[in-house]
Amino acid sequence: MARDRSGGARTGRVLRARLALLALLAGILVPLLVAGLRSVLWALVGIAGLALAAVGVWWTLAHTGTLRVLGLVLSVAAPLTVLSLYGASGLLWPACLSLALWILAVASARTALAPPSAAAGRAEAPHAPWIVMNPRSGGGKVERFGLVGKARAAGARVVLLDGHRDVAALARQAVAEGADLLAVAGGDGTQALVAEVAARHGVPFAVIPAGTRNHFALDLGLDRDDPAAALQALTDGVELRVDLGFAADRVFVNNASFGTYASVVADPAYRDAKLHTTLRTLPGLLTGDRAPGLRMRAGSRQIGGLQALLVSNNPYLRAVDAARPGRRERLDSGLLGVLGVRVANTAQAAGLVRGDRSGSVLRLRADEVVVDADTADIAVGIDGEHVMLPTPVVCRIAPGALRLRVPRRRPGKPVTGGRADWPAVARLAWGGGRPSRGGTETAGTGTGGERGD
């Protein structure tokens, strides 16, 4: 029976690999059949439109006054002009169809190369679960979904935050009093504080997605629209091992952000007027005297002049990934994800359409990253919470540090699969190869755990 299931899974991956190749071929042929070699020219027009839009966004964010207005107009007008030209030439529907086929090809390739998920064993129900809940998180999700009553009905002891209590101290006290599971109904920042206590004491941890965004819960496959469903982890759960990230001595379950974003969040006016505060402060942070000028070292690689740097607990997929944007493919790779941006002028902003090849975008994987600046302290956004840390800041990852309890049945699915490695897809499609463990990431390894992405 196990062999039959394995054979069926293998057949399914082969079929998805063949679908990926067919969709990729169709995505290339559609514009060629409609416009012939002119489609190459129209592709260049589309790339030029994206480059002009990137310039417009840069002017909008990095400047004020007339140049900001011109940037806003350009960022909107450039793509609209390209779409109008495509429509006038009868190429709009072929372009849209080609894009849809490309998305299908990439999604099919990644799922084809994803290794089969390991089955998690059913965990014994905790005897003394403890849950801290933030009534203010997510616009009052705790009250709206009746989480307090449902958690107590499941046998949990519930503590409500009032804004003046040390959540980490409360978690440590709960462990000292015999709690055999710690959980949080709140945002990712609170999740990280309690997760550190759980990892330090070897106690299972559960996530109740009652915050605003809850990216950690999303990558775990939990239903962020129904936080009460996560309480099933107390009665019908499985246990996973996931990594934890550290920025100095601060734990993060998602990421630590340095540079522009962290500085914007540090502004007291940000919480009440996010857009206005961002537009007001970004010009000085991107091109003015307040530009952070970050330096990063990972293994043998050293890069300076970065305006923004994101260090994540396991790497994120690419931001332009239309199939699964802003997601992590796994939470147990034992590696940090590093994404940096260095844009000093209009030409570099236009070059962003080339992605990693532009030289303005840094992507790599490492087990340790050292972040430095020309100041004694630096603003850091740790899972959305602003803190000041002394420089240099050493970021590291603790593989498998957290015992995570999740419901056995989760409506969402954690993302699996790496980059669309087309040679590997072709080998799999025609029976010449198989996906490797952990996807298809085959980038070289540098010293100190650094890996290209």
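Buried here means under 20% relative accessible area, exposed means over 50%, and partly exposed is in between (1.4 Å probe, protein chains only). This is a predicted model, so local features need pLDDT of at least 70 and side-chain atom pairs count only at pLDDT 80 or more, while totals for chains, interfaces and linings use all residues. Residues are numbered from 1 along each chain as its sequence is written, and side-chain values use heavy atoms, with hydrogens and water left out.

**View 1. Strand 1, covered on both faces.** Strand 1 takes in residues 129-133, and five of its five residues are buried. Pro129, Ile131 and Met133 sit on one side, with Trp130 and Val132 on the other. In a regular strand, side chains alternate between the two faces of the sheet. Helices (H or I, at least four residues) and strands (E, at least two) are DSSP runs, numbered from the N terminus.

**View 2. Val132 and its partners on two strands.** Two strands pair if DSSP finds at least two bridges between them. Strand 1 pairs with strand 3 (residues 181-186) in the parallel sense, over five bridges. Strand 1 also runs parallel to strand 2 (residues 157-160), joined by four bridges. Look at Val132: Val184 stands opposite in strand 3, and Val159 stands opposite in strand 2.

**View 3. Helix 8, largely enclosed.** Why call helix 8 largely enclosed by the rest of the structure? Because ten of its 14 residues are buried, among them Asp188, Gln191, Val194, Glu196 and Ala198. Helix 8 covers residues 188-201, and its end C-alpha atoms are 20 Å apart, in agreement with the 20 Å expected at 1.5 Å a residue. That expected span is 1.5 Å times one less than the number of residues. Right after helix 8 comes Gly202, with a positive phi near 70 degrees.

**View 4. Helix 4, end to end.** The 22 residues of helix 4 (residues 92-113) reach 32 Å from first C-alpha to last, close to the 32 Å expected. Its buried residues include Pro94, Leu101, Val106, Arg110 and Leu113. Cys96 is partly exposed, with a relative accessible area of 46%.

**View 5. The largest nonpolar core.** A nonpolar core is a set of buried Ala, Val, Leu, Ile, Met, Phe, Trp, Tyr and Cys residues joined through side-chain atoms within 4.5 Å. The largest one has 36 residues, and those with the most contacts inside it are Trp130, Leu182, Val194, Phe205, Val207, Leu402 and Leu404. Among the elements that each supply at least two residues are strand 1, strand 3, helix 8 and strand 16 (393-407). Helix 7 gives the largest share, six residues. In soluble globular proteins, nonpolar side chains tend to be buried together.

**View 6. Leu404 and its contacts.** Contact means heavy atoms within 4.5 Å. Setting aside neighbours within four places in sequence, Leu404 touches Phe205, Val207, Phe216, Leu220, Val238, Glu239, Leu240 and Val242.

**View 7. A second core, with Cys395.** This separate core has 27 residues, including Val338, Val371, Ile382 and Cys395. Cys395 is buried, with a relative accessible area of 0%. How many disulfides are there? Zero, taking a disulfide as a pair of cysteine sulfur atoms within 2.5 Å.

**View 8. The protein chain as a whole.** It holds 13 helices and 17 strands. Of its 453 residues, 47% count as buried.
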